[in-house]
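User: Please take a close look at a single part of this model and describe how its side chains pack, moving on to a second region afterwards if that helps.

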Amino acid sequence: MATVSSFEGLPHPSRSELRQFAELFLPLFSASTTEAKREAIAALSQNPHVPSAVAFFIASQPISLSAPFLVSSKALNDETLIAIARTQGGAHARTIVRREDLSPTVIDALVGLRHSRHGAGVTNEDIRTSQSDAARAEREEKLRSQLRTMARQLNRPAGDTLGVRRLTQVQEALLVRFARERDASRFAATLSDSLSTSHWLTERILLDISGRQLATTLVGIGMDMNDAIFILECFYPHMRKLAGDTSRAEAMLESLDTVECEERIESWRRADRYTTNPQSSDSAHSPEPAAVHKLVVRR
């Protein structure tokens, strides 16, 4: 759009110029074609002077349009990023995770989010307009990974409350991000939030240098197979070594039973609750059990 081009030519726009651009942009954007919208957003994502109202408007657009702006724009402050993540759903939050300059404030907010795995999907039009060979290959690989994960979870109990539903897509993205950065502290904090346990437990899981406890945890919380392999190999480099045609990390994950992993995690969580809050145990300090133990029939 000509309005965007004119705005880009202003190295230091005045307050009145910013206000004028905001007033012109919204109606012109709404009347533009999808391709023109994409070009405008791509251009504005590199401009740090975008008015806050325009920045919020762009960031609130469907993810097929707003993604470049969410990832790159310097005009989005922490408050706006948090507001977008909370109001627009999982796709926007996962895109925000890809920003290189996330502050601790935004990270903490993202860790606490509970986005549904069944949030708003991408429309057929969005898929057609954004489809490319690279994107198609990426989706196919993701689908294969999801099918592998589903195959390992066929025997999931009907009453399960601990599996994949406990791990949100935002938490999964953050775990991958912190593994990539080798940030064990934040990884442990996010994992602790995912499991609803103490930080102490997740640190103990990471301290198992064999990687088996972390592998058990990742399987138990329904982590995507490829992401789980990536995380294990980031924290335990020895697991990158090949055992036949597969890495040690992949072989270990394939050997684990999903239900057994979930049961193991649940036992860890119970022990963690008793350790961090001993009074939560009904048998440790209650006088009633002591009376019951006296009622022993001797033969």
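Analyst: Leaving aside neighbours within four places in sequence, Val54 is in contact with Phe21, Ala22, Phe25 and Leu26. The model is a predicted one, and what follows is computed from its atoms. Val54 has its place in helix H4, and with a relative accessible area of 0% this residue is buried, a verdict that follows because buried means under 20% relative accessible area. Val54 can also be set against Arg19, which is 35 residues away in sequence, while the C-alpha atoms of the two are 9.9 Å apart in space.

Phe25, one of the contacts of Val54, leads on to the aromatic side chains. Phe25 and Phe57 form an edge-to-face aromatic pair, with 6.4 Å from centre to centre and 85° between the planes; the label applies because planes over 60 degrees apart count as edge-to-face, and the rings pair because their centres lie within 6.5 Å. Since Phe25 belongs to helix H2 (residues 15-30) and Phe57 to helix H4 (residues 52-59), the pair ties together parts that are 32 residues apart in sequence. The two partners differ in their accessibility class: Phe25, at 1% relative accessibility, counts as buried, whereas Phe57, at 21%, counts as partly exposed. Both rings are also members of one aromatic cluster, formed by Phe21, Phe25, Phe29 and Phe57, and the count of aromatic pairs comes to five.

A second region, a pair of helices, can be read in a similar way. Helix H15 (residues 225-235) and helix H16 pack at an angle of about 125°, their axes being 9 Å apart, and the two helices are therefore oblique to each other; the crossing of H15 and H16 is right-handed. On the H15 side the residues that meet H16 are Met225, Ala228, Ile229, Leu232 and Glu233, and their counterparts in H16 are Ala249, Glu250, Leu253 and Glu254.

Within helix H16 (residues 248-255), the buried residues are Ala249, Glu250, Met252 and Leu253. Seen down the axis of H16, these buried residues fall within an arc of 160°, so they line one face of the helix. An α-helix has 3.6 residues a turn, so residues three or four places apart point the same way. Ala249, Glu250 and Leu253 are buried and are also among the H16 residues that meet H15.

Methods: Residues are numbered from 1 along each chain as its sequence is written. This is a predicted model: local features need pLDDT of at least 70, side-chain atom pairs count only at pLDDT 80 or more; totals for chains, interfaces and linings use all residues. Side-chain values use heavy atoms; hydrogens and water are left out. Rings of Phe, Tyr and Trp (its six-membered ring) pair if their centres lie within 6.5 Å; planes under 30 degrees apart count as stacked, over 60 as edge-to-face and the rest as tilted. Helices (H or I, at least four residues) and strands (E, at least two) are DSSP runs, numbered from the N terminus. Buried means under 20% relative accessible area, exposed over 50%, partly exposed in between (1.4 Å probe, protein chains only). Contact means heavy atoms within 4.5 Å. The arc is that of the directions from the helix axis to the C-beta atoms. Axes are lines fitted to C-alpha atoms, for helices over the stretch in contact, and angles run from 0 to 180 degrees between N-to-C directions. Angles under 35 degrees count as roughly parallel, over 145 as roughly antiparallel, 65 to 115 as roughly perpendicular and the rest as oblique. A crossing is left-handed if the near helix is turned anticlockwise from the far one by less than a right angle, and right-handed if clockwise.
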